[in-house]
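Q: I'd like a close look at one part of this model, please. Could you start from a single pair of charged side chains and work outwards?

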Amino acid sequence: MEKLLVAGGKPLRGTVPISGAKNSAVALIPAAILAESTVILDNLPALSDVETYMTLLGELGAVVSRQGDQMTIDPSAVRSAPMPNGNVKKLRASYYLMGALLGRFGEAVIGLPGGCNFEPRPIDQHIKGFEALGARVSNEYGAIHIRASKLKGAKIYLDVVSVGATINIMLAATRASGITIIENAAKEPEIIDVATLLNAMGAKIKGAGTETIRIEGVDSLSGCRHSIIPDRIQAATYMIAAAATRGDVTVDCVIPKHLEAVTAKLQEMGVHIYEMDESIRVVGQRDYESIDVKALVYPGFATDIQSPMISLLTQTNGISLLTDYVYSNRFSHIPELQRMGARIKVEGRSAIIEGSRLNAAKVRATDLRAGASLVVAGLAVPDGVTEISGVEFIDRGYDRLVANLTELGAEIWREKE
Ligand code: EPU
């Protein structure tokens, strides 16, 4: 086990290139098994969740290799093996194997997914979708058994806007017979990325990125080459860290449109932002206004960014309110921030954040974005070294974090616990 040490008080300065999106990668990798020939993914992030997915595909018979930021997946020998335990429990996105295996083989047996369990994360909408497509679904001793003699297109209305359910139904429906319509679909950029890959493989998907997605099933899919979109959550984290340290940072290789909600909120606080074609420059200021933030589904302010945003909101001159409308209790970072001197109260699904001076402390990350929040807070502390344990959570979603921050002038390093 390792811990992260952050000596605060250094304004971040420079340019940071942003890698491919984790939440796309962990859907694109399983999507590749729907094809019958080789899929190449470029701009792959170097993350532990991606490594776990490589192993999972190998266990199913795929030949997977990685050269730098490129992954080659030959799915021709994949079979539908039961995966009740082991690596599937290590990450949340293993649930995409349900849709992919169901689409390709008409059956899947998979353990309930693990990952960042910051609160109960049901998969009832995924199951509703599979059942609508004609599958029988049962939970036997903690493993989900999904079987269909024939998958048939259907009209599916999602009761909640869910990224995972939208992608999972899209995966299965791609090889169903007839037309599937997903209503009240999620609109996140990662959904468009998955649809782009599937269409390049020969699928017929229209409407990804809107609330209605139409999928005309096809008999077979073949390999292709695809470049993963930039990670908007990593980019937003560096933007927030730049503002929190009163630095001057350009996040490069990004799609500025994906970051509009964050840009707008930072500007409202008084941060100076300059948008270019594929980069955004963030210039921090000494004084910030307090603001209200609502975490919503895309194109709203992402729930994955509320945790680092709360750290930044401790740096304003007033009282800010952040309400998370996606998850009701994703606040495990708050007691840790309180240890660092933050004055924050939680009421229901809202955090009330009073501007305060942070101090260095020993804190623990209990999930990925909570970890990011503590890194931002550690960087914003005027002096002293913050010790963050639970680094394995941060490694799931931030590649080259220490190297990137060091290049931006931060004093941050890892040590054995
Ligand atoms: N929900 C249901 N039933 C379902 C599915 C979801 O009630 O069947 C609820 C959830 O409890 C939640 C809301 O719907 O309140 C949205 O959940 P969603 O399904 O969209 O989340 P997810 O697909 O499991 C992905 C990301 C998360 C991100 C959320 C929301 C991946 C692998 N994970 O999760 O990312 O927070 O969408 O945008 O794509 C992270 O990167 O740290 C992370 C947790």
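Which residue forms a salt bridge with Arg 232, and how far apart are the closest N and O atoms?

A: Happy to walk you through it. The partner of Arg 232 is Glu 190, and the closest N and O atoms of this salt bridge are 2.9 Å apart. A salt bridge here is a side-chain nitrogen of Lys or Arg within 4 Å of a carboxyl oxygen of Asp or Glu. This is a predicted model, in which local features need pLDDT of at least 70 and side-chain atom pairs count only at pLDDT 80 or more, while totals for chains, interfaces and linings use all residues. Residues are numbered from 1 along each chain as its sequence is written, and side-chain values use heavy atoms, with hydrogens and water left out.

Let's take the Glu 190 side first. Glu 190 belongs to H6 and takes part in the contact of H6 with H5. Helices are DSSP runs of H or I with at least four residues, strands are E runs of at least two, and both are numbered from the N terminus. The axes of H5 (residues 163-173) and H6 (residues 189-200) come within 10 Å and cross at roughly 10 degrees, which makes the two helices roughly parallel. Axes are lines fitted to C-alpha atoms, for helices over the stretch in contact, with angles from 0 to 180 degrees between N-to-C directions; under 35 degrees counts as roughly parallel, over 145 as roughly antiparallel, 65 to 115 as roughly perpendicular and the rest as oblique. Besides Glu 190, H6 brings Ile 191, Val 194, Ala 195 and Leu 198 to the contact, while H5 offers Val 163, Thr 166, Ile 167, Met 170 and Leu 171 (contact means heavy atoms within 4.5 Å). Sorted by class, these residues are eight nonpolar, one polar and one charged.

Now the Arg 232 side. H7 spans residues 232-244, and its axis comes within 9 Å of that of H9 (residues 303-313), crossing at roughly 5 degrees. H7 and H9 are therefore roughly parallel as well. On H7 the contact residues include Ile 233, Ala 236 and Ile 240; on H9 they include Asp 304, Pro 308 and Leu 312. This contact divides into nine nonpolar residues, one polar and one charged.

How does the chain divide around the pair? Domain 1 covers 2-19 + 230-416 and domain 2 covers 22-227, with bounds from an automatic or database domain assignment. Their C-alpha centres are 30 Å apart, and the contact draws 19 residues from domain 1 and 21 from domain 2. About 1,800 Å² is buried between them, 52% of it from carbon and sulfur atoms. Tyr 298, Tyr 327 and Arg 396 supply 36% of the area that domain 1 buries against domain 2. Buried area is the accessible area (1.4 Å probe) that two parts lose on being put together, summed over both. Two salt bridges are found across this interface, and 23 in the whole structure.

One last detail: the peptide bond from Tyr 298 to Pro 299 is cis, with omega near 10 degrees. Pro 299 sits in the loop between strand S17 (292-295) and H9.

Key: Ala, Val, Leu, Ile, Met, Phe, Trp, Tyr, Cys and Pro count as nonpolar, Asp, Glu, Lys and Arg as charged, and the others, Gly among them, as polar.
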